[in-house]
Amino acid sequence: MAEPGVAEPGADRRWRLRHLPVLLAASAALAVVAAVVGAATGGVTAALGAAAGVGVTVLSYTLTTVVLARADQVNPQLLLPLGLGLYVLKFSLLGGVLVAVASTGWPGLVPLCLGIVAGVAVWTAVHIWWLTTVHARRSRS
């Protein structure tokens with residue numbers, strides 16, 4: 001038996017990243033849909049804003065997933081401080097970017113924000129689906 005916090009020999013150390021391709025594919029599909037809806041409702045600027053909003057979410061969540069998966073491999077005690085640090089960093093950057101974009105008067109700001117919201121909703125929904133179906137099935141095997 002391994003000591004607490006240390007992976008057992010032969011344990012699947014990559015399981016924390018297995019969901020990433022599915023989430024990235026769903027997000028890519030969402031970015032296309034967001035761009036089409038943005039173009040149809042507000043032109044090129046709205047299309048770019050909506051797709052960029054999805055991209056912001058994907059970048060943020062992918063960064064968190066990869067960093068925390070790596071931290072868990074190195075030392076599980078790093079998860080809380082790194083997770084909280086990333087949370088503060090990402091939301092500070094996001095707030096700063098949104099304030100900077102808003103100060104320019106760019107008409108794509110609202111589609112950008114809607115793209116972020118849609119990205120969060122889709123990423124979360126697909127992640128829940130993956131955990132309750134694919135991962136749950138693998139765990140029982």
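These are my notes on the main pocket and the aromatic pairs of this structure.

**Entry 1: the model.** I reminded myself that I am working with a predicted model.

**Entry 2: the pocket.** I looked up the largest pocket and found a volume of about 700 Å³. Its lining has 29 residues, and I noted Thr57, Ser60, Tyr61, Thr64 and Lys90 as the closest to the centre. Next I asked which elements give two or more residues to this lining. They are helix H1 (20–74), helix H2 (79–104) and helix H3 (109–140). H1 supplies the largest share, with ten residues. I then sorted the lining by character and got 20 nonpolar residues, seven polar and two charged.

**Entry 3: aromatic pairs.** How many aromatic pairs are there? I count two.

I started with Tyr61, a name I already had from the pocket centre. Its ring pairs edge-to-face with that of Trp123, at 5.4 Å centre to centre and with 80 degrees between the planes. I was pleased to see that this pair links distant parts of the chain, since Tyr61 sits in helix H1 and Trp123 in helix H3, 62 residues apart. Are the two partners buried or exposed? Tyr61 is partly exposed, at 23% relative accessible area, while Trp123 has 4% and so counts as buried, the cut-off being under 20%.

The other pair I looked up is Tyr87 with Phe91, which is tilted: 4.7 Å centre to centre and 50 degrees between the planes. Why are these two about one helical turn apart? Because they are four residues apart in helix H2. I also checked Phe91, which is partly exposed with a relative accessible area of 47%.

How values were computed
Residues are numbered from 1 along each chain as its sequence is written. This is a predicted model: local features need pLDDT of at least 70, side-chain atom pairs count only at pLDDT 80 or more; totals for chains, interfaces and linings use all residues. Side-chain values use heavy atoms; hydrogens and water are left out. On a 1 Å grid over the protein atoms alone, a cavity is a set of points where a 1.4 Å probe fits but cannot get out, and a pocket is an open set with protein on both sides within 12 Å along at least five of seven lines; lining residues have an atom within 4 Å of a point. Grid points are joined across faces, edges and corners, and a volume is the space filled by probe spheres set on the points. Ala, Val, Leu, Ile, Met, Phe, Trp, Tyr, Cys and Pro count as nonpolar, Asp, Glu, Lys and Arg as charged, and the others, Gly among them, as polar. Rings of Phe, Tyr and Trp (its six-membered ring) pair if their centres lie within 6.5 Å; planes under 30 degrees apart count as stacked, over 60 as edge-to-face and the rest as tilted. Buried means under 20% relative accessible area, exposed over 50%, partly exposed in between (1.4 Å probe, protein chains only).
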